[in-house]
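Open the model in your viewer and keep the selection box at hand. The stops below go from one selection to the next.

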Amino acid sequence: MPMPWLRMLVASTAAMVLAGPSAVATAAAPDKDGVAASVHTAGRVKDAGDVLQYSWPGVYFEGRIRGTGVGIVLDDPAADYDVQVDGATVATLVTPGRTTHWVTGLRDGVHTVRLVKRNDTPWSTSAFGGFVAAPGGAVLTRPAARSRQIEFVGDSLTAGYGNLSASRDCDGEQLKRTTNADMSYGALTARRLKADYQLNAYSGLGMVRNYNGGNPEVTYRTFYDRALLNVPGDVWQNPGTWRPQLVVVYLGTNDFSTPVNPGEPWTDESLAAAYRGAYSGFLQKLRTRYGAGTTLLAVGTGPFSGHVEQVVQDRTGAGDRRVRYWHLDATGLDHTGCHWHYSARDHRLLADRLTAFITELPIRW
C-alpha cells in the first residue's frame, strides 16, 4: 500500500461556482441592530455591521427564532454550507452566492438554527447576513456561548479535506463537495466536550515548508493572525470573548510528507532544525496571546513526531507547565478520503482518541 505521507495533496485554489440545491433568492432584511447581536459564533469573523465576513473553514453561526420558517442570508460564491434546525441537517447549500435560503414548514414554535461552513476557501471572503424569521415570526435572543473553548490549528487534515469522498481519486469539484469541516476530528471532539471551537486550518501549508515545497514565500504562520485569508496584512480583532482553555496544534504533515526537491533551500537536517525553531516560536506566540492558564497541545505523528516531542520537552524543561504532547496513533485509519486524507470514519476514530486524552488533562475549564 502506498504510504499516505507521500499522497497528501494541496487543495485546488480554483473557485467553483455551482447552483445551490435549494437556494431561493428573496428579499429579506437582517436584524437592524446588526448581525452580531442576534447570532452566536466563536469563529474568526470581521463585523461589517450588516454582514459578518470570514474565511476559515468550519465557521458556524447559531441563532434562535420563533415561527414556522427561517431565512439564512448569505453572500458566498465559493463555499458550501450545512443548515441545521433543532440539531438536524435540513439543507446543504453549494456555493449559494448572494441569496436568502428559506427553511419553511416548521412547526410553529421556538427553533434553534445553525449554519456551518463546510470547506476551506482561502482565496475568497464569505459573508453572512444573519437569520430572519418568516412572516409572523421573530428572531429571538441568540444562544449563550459555551464556557469551554478549543482552538484547532492545522492543515488539510484538520479542515476535513475530502473526508466524505467514496474514493481517494478526486478532481477539484469532488474535493469541494466532499470536504466537511463539521465532521472533522476537531469539530467532533469539541462537540463531545460541549465546547465552542475554531478550526483555523489551511490546506497545503506547513510550519516552515509547504506541500512538496510549493509557494515558499508563505507558510501557515503567514496567515494565522488573519480573519480574511485573502487580504494581505489583515489581522483578526479578538472581541475579547475568545479565551480558549485549550489550543491543539497539528502542523508538520506538509513540511515532511515529501522529499526535499532540488533547488529548495533545505537539507533534511536544516529543515528539521528550522521546523523545531519555528514550532517553539509559534507555541510562544500562543502562550503570549492566551496566557499561562491555556493548555497547548502539540500533536505529532509520522516523520515529524520526534521533532514535536522534542519541542514540548524543551518548553517543559524551560518551565512551561501547560504544554503537552499527544502522539496521534494512526492505527486502524484507512485514509480513504480524497488524496489519501482521513475519511469520515478516521475523523471519528481520532475524535474518540483525542477526546479521551483531553479528558485526562488538568485543564481549567
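Start at Gln-84. Its bridge partner in strand 6 is Thr-89. This is a predicted model: local features need pLDDT of at least 70, side-chain atom pairs count only at pLDDT 80 or more, and totals for chains, interfaces and linings use all residues. Residues are numbered from 1 along each chain as its sequence is written, and side-chain values use heavy atoms, with hydrogens and water left out.

**Stop 1: strand 5 and its partners**

Select residues 80–85, which make up strand 5. Strands here are DSSP runs of E, at least two residues long, and helices are runs of H or I, at least four, numbered from the N terminus. Add strand 6, residues 88–94: the two pair in the antiparallel sense over six bridges. Pairing requires that DSSP finds at least two bridges between two strands. The two strands form a hairpin with two residues between them. In the turn, look at Asp-86, whose phi is positive, about 55 degrees.

Now show strand 8, residues 109–117. Five bridges join it to strand 5, and the two run antiparallel. Tyr-81 stands opposite Lys-117 of strand 8.

Is strand 5 mostly covered or mostly open? Covered: six of its six residues are buried. Buried means under 20% relative accessible area, exposed over 50%, and partly exposed in between, with a 1.4 Å probe and protein chains only. Asp-80, Asp-82 and Gln-84 lie on one side. Tyr-81, Val-83 and Val-85 lie on the other.

**Stop 2: Gly-43**

Select Gly-43, in the segment before strand 1 (46–47). With a relative accessible area of 11%, Gly-43 is buried. Leaving aside neighbours within four places in sequence, Gly-43 is in contact (heavy atoms within 4.5 Å) with Val-59, Gln-198 and Trp-236.

**Stop 3: the parallel sheet**

Show the five strands in the order 12-11-13-14-15: they form an open sheet with parallel pairing. The edges are strand 12 (195–201) and strand 15 (323–327), each pairing on one side only. Neighbouring strands are turned by 20 degrees against each other on average, direction ignored.

Zoom in on strand 11 (148–154) and strand 13 (246–250), a parallel pair with five bridges. Which residue of strand 13 is the bridge partner of Glu-151? Val-247.

**Stop 4: helices on the sheet**

Add helix 7, residues 305–317. Helix 7 lies across strand 14 (295–300) and strand 15, at about 160 degrees to strand 15. Axes are lines fitted to C-alpha atoms, for helices over the stretch in contact, and angles run from 0 to 180 degrees between N-to-C directions. Then add helix 8, residues 344–359, which packs on the sheet and touches strand 11, strand 13, strand 14 and strand 15. Its direction makes about 145 degrees with that of strand 15.

**Stop 5: helix 6 against helix 7**

Select helix 6, residues 268–290. Its axis and that of helix 7 come within 10 Å and cross at roughly 50 degrees. The two helices are therefore oblique to each other: under 35 degrees counts as roughly parallel, over 145 as roughly antiparallel, 65 to 115 as roughly perpendicular and the rest as oblique. Show side chains at the contact. Helix 6 brings residues including Tyr-275, Tyr-279 and Leu-283, and helix 7 residues including His-307, Val-308 and Val-311.

**Last stop: Thr-178**

Select Thr-178 in helix 2 (172–178). At 16% relative accessibility, Thr-178 counts as buried. Beyond neighbours within four places in sequence, its contacts include Gly-160, Leu-164 and Cys-338.
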